[in-house]
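Got the viewer open? Let's take a walk through this one together, one selection at a time.

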Amino acid sequence: MKKLFLLAIILFFPIKIDASKSFIDGVVYLSKYLSSKEYIELRKRIGDVGITDSLFVKAKKFYDGDNSEALLALTFSLLPFNNMAVKLPYIGITFSFPLPNAGDSLYYAKLKHQPRYLLFDSPNNNSGDIDKLAHYFANAFLSYNIGFFNLSKFMGIFVEYFEAVFKVQGSIDKKDLIVNHLGEWFGKNLKKNDNLLPSSGFSIYQLLYMKIKL
């Protein structure tokens, strides 16, 4: 599942490069953690929603408390693909290009253990909702960094339509839009509460479902 909204982040938001801890350094660090014994055992104990907090804490610590850098590195570390293919409408031409990642061997190692059962209705198969966490952190990054005319929400909706037109995924995914909103909520409230953890956003999804059912 190719997610073009991540390309928009690269194009519209400069990645801050620090001499000691670059963007790619963070992606490599988090990819190693995702394939580590420590992470695998912790995921078994606390589940996929709980492990999102551990990932965020690790990323934030790596970047010395910088939430923005942590959210961006998490976005690319949790991509379930390492290149993006786009099929142009009408003419049918397909082209692909690589995305920032930690290298093929580490990419495939961490892919096996990425969180994928994040929602109560996540498919009970090997894929689950493996692409949703990248959506979540990408929109959290946008919301955390942008404070004017709610651009994060606009970009989340725009990209879903863009994907449908340009055959990146083929149709608008309603669950993507919901997760986009949850990520936006997390990023917005993280600015108010530096101790907020990403699992709180996914808890809202379950609470809203329970409220509707009641």
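Before you click on anything, a word on contacts: among those between residues at least 6 apart in sequence, 70% join residues at least 24 apart. Keep in mind that what you have on screen is a predicted model.

**The whole chain**

Switch to a cartoon view. You should find nine helices and two strands. Starting at the N terminus, the order of the elements is α-α-α-α-β-β-α-α-α-α-α. The protein has 214 residues, and 49% of them count as buried.

**Into the core**

Nonpolar side chains in soluble globular proteins tend to be buried together. Here, the largest nonpolar core has 42 residues. Which residues have the most contacts inside this core? Select Phe 137 and Phe 186: those are the ones. Now colour the helices that each supply at least two residues of the core: α2 (23–34), α3 (37–62), α4 (67–77), α5, α6 (132–145), α8 (174–190) and α9 (199–213).

Stay with Phe 137 and show what surrounds it. Setting aside residues up to four places away in sequence, Phe 137 touches Thr 52, Phe 56, Leu 71, Leu 74, Thr 75, Leu 78, Phe 186 and Pro 198.

**Helix α6 against α8**

Next, show just α6 and α8. Their axes are 7 Å apart, and the two helices pack at an angle of about 40°. The angle is neither under 35 degrees nor within 65 to 115, so α6 and α8 are oblique to each other. The way α6 passes α8 is a right-handed crossing.

To light up this contact, select Lys 132, His 135, Tyr 136, Phe 137, Asn 139, Ala 140, Ser 143 and Tyr 144 on the α6 side. On the α8 side, select Lys 175, Asp 176, Val 179, Asn 180, Leu 182, Gly 183, Glu 184, Phe 186, Gly 187, Lys 188 and Leu 190. Colour them by class and you get eight nonpolar, six polar and five charged residues.

Zoom in on Asn 139, which sits in helix α6. Is Asn 139 buried or exposed? Its relative accessibility is 2%, so Asn 139 counts as buried. Then draw a distance from Asn 139 to Leu 182: the two are 43 residues apart along the chain, yet their C-alpha atoms are separated by 8.2 Å.

While you have α8 in view, pick His 181, also in that helix. His 181 counts as partly exposed, at 36% relative accessibility. Its C-alpha atom is 9.1 Å from that of Gly 201, which lies 20 residues away along the chain.

**Helix α4 against α6**

Keep α6, hide α8 and bring in α4. The axes of α4 and α6 are 8 Å apart, and the packing angle is about 155°. Why are α4 and α6 called roughly antiparallel? Angles over 145 degrees count that way, and about 155° is the angle here. The crossing of α4 and α6 is left-handed.

For the contact itself, select Asn 67, Ser 68, Leu 71, Leu 72, Leu 74 and Thr 75 in α4. They meet Ala 134, Phe 137, Ala 138, Ala 140, Phe 141, Tyr 144 and Asn 145 in α6. By class, this contact of α4 with α6 has nine nonpolar residues, four polar ones and no charged ones.

**Helix α3 and the loop after it**

Move over to α3 and select Ile 40, a residue of that helix. Ile 40 is partly exposed, with a relative accessible area of 22%. Leaving out neighbours within four places in sequence, Ile 40 is in contact with Ser 35 and His 113. Ile 51 is eleven residues from Ile 40 in sequence, and the C-alpha to C-alpha distance is 9.6 Å.

Now go to the loop between α3 and α4 and click on Asp 64. Most residues other than glycine have a negative phi. Asp 64 is not a glycine, but its phi is positive, at about 55°. With 64% relative accessibility, Asp 64 counts as exposed.

**Last stop: Gly 103**

Finish in the loop between β2 (94–98) and α5 (104–111), where you will find Gly 103. Gly 103 is partly exposed, and its relative accessible area is 27%. Add Val 28 to the selection: Gly 103 and Val 28 are 75 residues apart in sequence but 8.3 Å apart in space, C-alpha to C-alpha.

Note on methods:
Residues are numbered from 1 along each chain as its sequence is written. This is a predicted model: local features need pLDDT of at least 70, side-chain atom pairs count only at pLDDT 80 or more; totals for chains, interfaces and linings use all residues. Side-chain values use heavy atoms; hydrogens and water are left out. Helices (H or I, at least four residues) and strands (E, at least two) are DSSP runs, numbered from the N terminus. Buried means under 20% relative accessible area, exposed over 50%, partly exposed in between (1.4 Å probe, protein chains only). A nonpolar core is a set of buried Ala, Val, Leu, Ile, Met, Phe, Trp, Tyr and Cys residues joined through side-chain atoms within 4.5 Å. Contact means heavy atoms within 4.5 Å. Axes are lines fitted to C-alpha atoms, for helices over the stretch in contact, and angles run from 0 to 180 degrees between N-to-C directions. A crossing is left-handed if the near helix is turned anticlockwise from the far one by less than a right angle, and right-handed if clockwise. Ala, Val, Leu, Ile, Met, Phe, Trp, Tyr, Cys and Pro count as nonpolar, Asp, Glu, Lys and Arg as charged, and the others, Gly among them, as polar.
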